[in-house]
Amino acid sequence: MFASPVSRAAPTAIRADLWVAAVLLLFTLVVRGAWFGDANADTDEQLYSLIGNAMLDGKIVFVDLWDRKPFGLFALYALAHAIGGPGPEAYQGLAAAFTVAGAWLTFVLARDLTDRGTATAAGLLYVVLTAIYGAFSGNSEAFFIPMMLAMAVLVRDPDHPLAVLRILCAMLIGGLALQVKYTVLPQCLFFGLWALWGQHRRGAGPARLALLTAASGVLGVLPTALVAAGYALAGHWDAFVFANFV
């Protein structure tokens, strides 16, 4: 039996996507490689790195060392240093991995709007622009912008058979992004409203929309609520509130 054109096209598309992923990875390493190993590449991540390393020694963010960024950003730095050691290469490598993910998600979003070559160029442009606008080493934007792109990918199609599940996953990702930097709140609200509007256009009634809104809100707040609960249980509620909200 001969394979149908559709069955032959699928492996071809997968191979083409793998080539795109390889190009995005190589390009990211080339663009960001100049700063690898440079602890003075930028000022913000020096403090993030100090706190991340200190967390591995049992220090508590907002209590033993202080900054006004959310807990999740320092947790990412602690994870990077736990895997890659105390040097700047650890968080710069993690930021590069997030940048590749952001470039890939940009490609995915563009692929449905144009040809594969132009979509690849959009992914490459993402890598360049993140560097131009200050996320060339380990700044918070390197981590939360791919999360916003992931939300966009998940909520863009209200007719997807798993649209509701994808919406809930997107809202959880948004909640995690809030723990990297609270300034993503407007984007999270936009994607939430976009998702609700899509379900409304598909005929969802007020009760279903209200339930979806409540579930989305819970998932969006959940990561921050869990961190807050941890600080409250440890007796550091005031320190958490002051650093995060005051």
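Let me begin at the surface of this predicted model, where Trp66, Phe242, Phe245 and Val246 together make a nonpolar patch of about 490 Å². One member of that patch, valine 246, lies in the segment that follows helix H10, which runs over residues 237-244, and valine 246 counts as exposed because its relative accessibility is 74%, where the cut-off for exposed is over 50%.

From there I would like to turn to the cysteines. How many disulfides does a search of the whole structure find? The search finds zero, and cysteine 169, to take one case, is in no disulfide, the nearest cysteine sulfur being that of cysteine 188, 14 Å away. Seen from the other side, the sulfur of cysteine 188 has its closest cysteine sulfur in cysteine 169, and because that distance is 14 Å, the two are too far apart for a bond, given that a disulfide requires sulfur atoms within 2.5 Å. As to their surroundings, cysteine 169 counts as partly exposed, at 37% relative accessibility, whereas cysteine 188 is buried, with a relative accessible area of 10%.

Finally, helix H4, which covers residues 88-111. At 1.5 Å a residue, its 24 residues should span 34 Å, and the C-alpha atoms at its ends are indeed 34 Å apart, so the expected span and the model agree. Is H4 mostly enclosed or open, then, in its setting? Of its 24 residues, 17 are buried, and H4 is therefore largely enclosed by the rest of the structure.

Methods
Residues numbered from 1 in each chain as written. Predicted model: local features only at pLDDT ≥ 70, side-chain atom pairs only at ≥ 80, totals over all residues. Heavy atoms only, no water. Patch = residues over 30% accessible without salt bridge, like charges linked within 9 Å, V, L, I, M, F, W, Y side chains within 5 Å. Areas by Shrake-Rupley, 256 points an atom, 1.4 Å probe, with all protein chains shown as cover. Salt bridge = Lys/Arg side-chain N within 4 Å of Asp/Glu carboxyl O. Helix = DSSP H or I, 4+ residues; strand = E, 2+ residues; numbered from the N terminus. Buried < 20%, exposed > 50% of the residue type's maximum accessible area, 1.4 Å probe, protein only. Expected span 1.5 Å × (residues − 1).
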